[in-house]
Amino acid sequence: MVQDRTNPPPASGRVSTGTPTDGTATDGTASASATAGEPATAAMPAEPQPEPQPEPQPAASGESPSGPGVPVRGESRRVLAARIVAAGAGGFALFLAFPPLDWWLCAPLGIGLIAASIHGTRPRRAAWIGYLAAAVFLLPTVAWVRTIGDDVWIMLVATESFFYAAMAALAALVFRLRAWPLWFGGLWVLMEWARGLVPIGGFPWARAAFSQGESPFTPYAALGGAPLVSFAVTVCGALLAYAVLNRPARAVARAVPVGLAVAVPVLGLAVPRFGDEGRSINVGVVQGNVPGRGMYALGDEPAVVLRNHANETKRLAQAVRDGKLPKPDIVVLPENSTDIDPYRDPYARQIIHDSVQDVGVPTLVGAVVAIGEANRATRSLVWDPVTGPGAHYDKQHLVPFGEYTPFKEIVLALWERAGLVGRQSIAGTKPGDLKMGPVTIGAVNCYEVAYDDTVRGTVRAGGTPLVVQTNNASYALSNLPSQQLAMSKLRAVEHNRAVVTAATTGISAYVTPEGKVSWQTRELVADMNVVKVPVRTQETIATKVGALPEWALMVMGAAAAGFAAWRGRRRGDRMRNDG
């Protein structure tokens, strides 16, 4: 129970200095009236008593007067309401930073509000406040999942929000340390790493870095990849929160954290950029469109998607012959550009071969192919105009409930929709370096662009440019295609590679190695183009060092939380011993 300390009782054996109720004087002298049973005596000076001191009031953040970041045992409903409002506002501001709005500055502002909402409180309360902020952020950010079902959307958000709750509980500990914005940034990176790992393969979507596809924070990707970008954004926001929560007397001291917060993105602009290497290729990009929408985007009639992309490839070939487009060196079709296995179906094989012969250059075809009688693979298949199908890359990071069904027996018994997956996909084991004409491209398949290790492994294997084949047909006109494009922009800067995206329904695009979108399609239309793409071979620091920065930041955050917990326990033991 929280004690009421606003009117403490007088100390034993001393005269109370509170408001008298018996007519005694309040100037520190005894009353002229004698106590019962004692002779009246002259008024004698009483023992001097200290003046009552007002109870120190906690700061607006809920801090204890014993030190910054140390939580109080109780706080008013008004303070708790302020925390809830700040958490909700922070989560919503973070959502605004993501595509399609792309208000990147809202990311550090939102994270700053989330930090302020849990600063100075205890881990348990911080956890549910962090959970609230995460739910407000994730509900609109991953609203594209509603295509599968509102129940799936809610379950995903409910599960992912637990990671933010755990991070907030640990943050409540590190807020008691000096330089806590740094430790908080490390914990945020740790949380995003854990989200991308578990459960069932992780869900690395909606990382703070992916809101910075084109901002002053983006250059940090070339030094430490997406984790360093997330760290920079988080530290910037935490410094802003620090400036508000800690108000020293001197104006200069108040300005320091604000100045540091501004310096974080400004210093990102000083990260060295790579120059052009004087080599380029022409890449043809085909977007064929699909007949249906939502979960039935491919339609009921077989081979429609295949014919759409074959016809668009022939239209590109005709535009080249007419001089409207330059001749491509290679052509890229999207994931699932054929909805029929060309290895097993002669009709599908002939349609693809005719279109590739027409364009006359090696073409990357996206196909779902059978593996045995019960399984399948999502494949990037190099098709030569003379020899036909050749080298291929099989998707490594598969989409749970989209390409395979975890806990199959249970899930199929509970959800009829899970049966739409059909054959279970088998993950590939090799990187996507594929020789095509004059270059070795780096094939990345759709969902994989969110995974640091997959993209990095493809670049290290020699892939340049990067080619992202994607099928967003079920999520057309949602916020998924634009979020995926933002990831491609960040990957381009991270690895100094041009990125070409081919999508069934859009957004197909070409992103320069500097992270700028040079060309893109509209959604739900058939389209094609030939783009001139630089071939870069120089590796960034991020490509060379790999996950090292991420591990360093995670260990830093975890060590700070461990130290804060140890120090708090030691302080508690000392107080009990002193008592």
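Of the 579 residues in this protein, 51% count as buried. Keep in mind as you look around that this is a predicted model. The protein exposes about 26,700 Å², and carbon and sulfur atoms supply 60% of that area. Its secondary structure comprises 14 helices and 15 strands. Sequence distance matters here too: among contacts between residues at least 6 apart in sequence, 71% join residues at least 24 apart.

Let us begin with the strands, taking S6 as our guide. Strand S6 covers residues 375-384 and is mostly covered, with 8 of its 10 residues buried. On one side of the story is strand S5, residues 363-371, which runs antiparallel to S6 and is joined to it by 9 bridges. If you would like a landmark in this pairing, find Gly 366, which stands opposite Ser 380 in S6. The hairpin of S5 and S6 has 3 residues between the strands, and in it Gly 372 takes a positive phi near 70 degrees.

Now follow the chain onward from S6 to strand S7, residues 388-394. These two strands also run antiparallel, with 5 bridges joining them. They form a hairpin, again with 3 residues between the strands. Ser 380 is a handy residue to keep in view, for it stands opposite Tyr 393 in S7, having already appeared opposite Gly 366. S6 has a further pairing, with strand S8 (residues 424-425), this time in the parallel sense and over 2 bridges. There, Arg 376 has Ser 425 of S8 as its bridge partner.

From strands we can turn to charged side chains. Side chains of opposite charge can pair when their charged atoms come close. The structure holds 16 salt bridges. One of them is formed by Asp 452 and Arg 207, whose closest N and O atoms are 2.9 Å apart. Asp 452 lies in helix H11 (residues 452-460), while Arg 207 sits in the loop between helix H5 (180-195) and helix H6 (221-245), so the pair ties together parts that are 245 residues apart in sequence. Both Asp 452 and Arg 207 are buried. They also belong to a wider arrangement: Arg 207, Asp 452, Arg 491 and Glu 494 are linked in a network of salt bridges.

The loop between H5 and H6 has another charged residue to show you, Glu 214. Its side chain meets that of Lys 516 in a salt bridge, at 3.3 Å from N to O. Lys 516 lies in the loop between strand S13 (509-511) and strand S14 (517-520), and this pair links distant parts of the chain, 302 residues apart. Both ends are partly exposed: Lys 516 has a relative accessible area of 43%, and Glu 214 one of 40%.

Stay with the loop between S13 and S14 for one last stop. Glu 514 forms a salt bridge with Arg 536, the closest N and O atoms being 2.9 Å apart. Since Glu 514 is in the loop between S13 and S14 and Arg 536 is in the loop between strand S15 (527-534) and helix H13 (541-545), the pair ties together parts 22 residues apart in sequence. The two partners differ in their surroundings: Glu 514 is partly exposed, with a relative accessible area of 29%, whereas Arg 536, at 5% relative accessibility, counts as buried.

Methods. Residues numbered from 1 in each chain as written. Predicted model: local features only at pLDDT ≥ 70, side-chain atom pairs only at ≥ 80, totals over all residues. Heavy atoms only, no water. Helix = DSSP H or I, 4+ residues; strand = E, 2+ residues; numbered from the N terminus. Buried < 20%, exposed > 50% of the residue type's maximum accessible area, 1.4 Å probe, protein only. Contact = heavy atoms within 4.5 Å. Areas by Shrake-Rupley, 256 points an atom, 1.4 Å probe, with all protein chains shown as cover. Salt bridge = Lys/Arg side-chain N within 4 Å of Asp/Glu carboxyl O. Pairing = 2+ DSSP bridges.
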